[in-house]
Amino acid sequence: MSFDLTPKPEHKFTFGLWTVGSTGTDQFATTFPIRAGKSPADIVRLLGEVGAYGVNFHDNDLIPLDATPAETEAIKKDFRAALKETGLVVPMATTNLFSSQIFKDGAFTSNDPKVRAYALQKAMRGMDLGAEFGAKVYVFWGGREGAETDVAKDPLEGLKHFREALNFLCEYNNSQGYGYKFALEAKPNEPRGDIYLPTTGAMLGFIETLDHPEMVGVNPEMAHEHMAGLNFMHAVAQAWDAGKLFHIDLNDQNYARFDQDWRFGQQSWKQSFFLVKFLEDVGYTGSRHFDAHAFRTEDYEGVKEFARGCMRTYLIFKEKARQFNEDKELQALIAESKAEDKSMEKFSGKFSAEKAAELKAFTFDRNAIASRGLRYEKMDQMLTDLMMGLR
Ligand code: GCO
Ligand code: MN
Ligand code: MN
């Protein structure tokens, strides 16, 4: 093997405190953690050891909900020291608006005005905390913004409340001079039966209804689009096309299953390959954030293997994407399939009345056009060979 798979700062590989810091609990064993909890500072050290660039957090990953002012200061001091020691940065922060019982029926979209106001307060405090550590992206994942039944919750009201909250927080961002970009993360379900704005595409539509759409983009997550049975790379491409790819959550997931949060590239090699190829080809410069967990079978050595594996697999696919782009035979076939047709040039581009009239009158030979084989079978098998090291 001749290529370098060492993670470097320029790769912008980040993990959340909640990812490598997960103690392996699940909904069937919440009181039986498999791994002992680590302090935020020790999680940073673990990430430093495996070669990550950055660490992200929810407000309460860093500062427990009921911490005293003295405890808060002590945690911040240790965390800051660990960042300095390892050179890790904090590119993104977010608010936990889903773990407390108060959010049982949502946060920004709760029917209860007290809950909505509390959520807003918590988000502002979370933004203050993120800014203290230099975060420039602020993620909003509305895990409980939804319903199991529509009997008393109205999705129109939900959208209105969500919009009001984001408009308020955009103004707060400006008033504090934080310079955050907000990144909205969609998920179709889990923990709610249905979560509002379930896909990246839905989020992109919603953003245009906000007071400051320029401040708000998306944080698409691979597992979430796969839970909805969608093509993740297509969602990412739409976000990129709209200038809204502010962040990305990479992980893996079997289609149509519960939220699995697996190591990037563990399951869906081809989807992961096309995703990495897309990000590298367009020159995405944001974080490559791994929002995933190690298997519950693992101790912390396994957690390190998991974290190293996420980054290694990304770099393997990056190298494969380079090989794909430099594969002359494959590129010739792709070029052939997209070749321009001089006789059609007069019909392309901007509208004119003459062009439209000429095109309406033109006769197409549908059979001749359709009879051309596009050679996608050959190309796709060549891709398989390439990925398996046979080219
Ligand atoms: C999930 C989500 C979360 C969010 C996180 C950051 O399925 O639980 O992906 O991990 O990404 O809360 O906002
Ligand atoms: Mn997720
Ligand atoms: Mn996520």
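A polar contact here is a pair of N or O atoms within 3.5 Å. Keep that cut-off in mind. One more thing up front: this is a predicted model.

Start with ligand 1. A polar side-chain atom of Glu-221 sits 2.7 Å from one of the ligand's oxygen atoms. That is inside the cut-off, so the pair counts as a polar contact. How much of ligand 1 does the protein bury? Of the 330 Å² that ligand 1 exposes when taken alone, 92%.

Glu-221 has company. For His-58, a polar side-chain atom lies 2.6 Å from an oxygen atom of ligand 1. For Lys-187, an N or O atom of the side chain is 2.8 Å from a ligand oxygen. In total, 13 residues surround ligand 1. The nearest are His-58, Glu-185, Lys-187, Glu-221 and Asp-291.

Now the metals. Which residues coordinate the manganese ion that is ligand 2? Glu-221, through OE, and His-224, through NE2. The distances run from 2.1 to 2.3 Å. A second manganese ion, ligand 3, is 3.7 Å from ligand 2. Glu-221 coordinates both ions. So Glu-221 turns up twice: at the manganese ions, and in contact with ligand 1.

Are these two donors buried or exposed? Glu-221 has a relative accessible area of 1%. His-224 is at 3%. Buried means under 20%, so both residues qualify.

Last topic: empty space. The count is two cavities of 30 Å³ or more.

The largest holds about 60 Å³. Its lining includes Glu-185 and Lys-187, both also among the residues nearest to ligand 1. Ala-186 is in that lining too, along with Ile-195, Tyr-196, Leu-197 and Met-203, among others. By class, the lining has six nonpolar, one polar and three charged residues.

The second largest cavity has about 40 Å³. Among its lining residues are Thr-95, Leu-97, Phe-108, Phe-140 and Trp-141. The classes there: five nonpolar, two polar and one charged.

Which residues appear in both linings? Gly-142, Glu-145 and Phe-162.

To recap. Glu-221 coordinates both manganese ions and is buried. The protein buries 92% of the area that ligand 1 exposes alone. And there are two cavities of 30 Å³ or more.

How values were computed: Residues are numbered from 1 along each chain as its sequence is written. Chains are lettered from A and ligands numbered from 1 in the order in which they are written. This is a predicted model: local features need pLDDT of at least 70, side-chain atom pairs count only at pLDDT 80 or more; totals for chains, interfaces and linings use all residues. Side-chain values use heavy atoms; hydrogens and water are left out. On a 1 Å grid over the protein atoms alone, a cavity is a set of points where a 1.4 Å probe fits but cannot get out, and a pocket is an open set with protein on both sides within 12 Å along at least five of seven lines; lining residues have an atom within 4 Å of a point. Grid points are joined across faces, edges and corners, and a volume is the space filled by probe spheres set on the points. Ala, Val, Leu, Ile, Met, Phe, Trp, Tyr, Cys and Pro count as nonpolar, Asp, Glu, Lys and Arg as charged, and the others, Gly among them, as polar. Donors are N, O and S atoms within 2.8 Å of the metal (3.2 Å for Na, K and Ca); water is not among the atoms, so sites may look incomplete. Buried means under 20% relative accessible area, exposed over 50%, partly exposed in between (1.4 Å probe, protein chains only). A residue is near a molecule or strand if one of its heavy atoms lies within 4 Å of it. A polar contact is a pair of N or O atoms within 3.5 Å; within protein, one must be able to donate a hydrogen and the other to accept it, and residues adjacent in sequence count only if both atoms are side-chain atoms. Accessible areas come from the Shrake-Rupley method with a 1.4 Å probe; for residues, only the protein chains shown count as cover.
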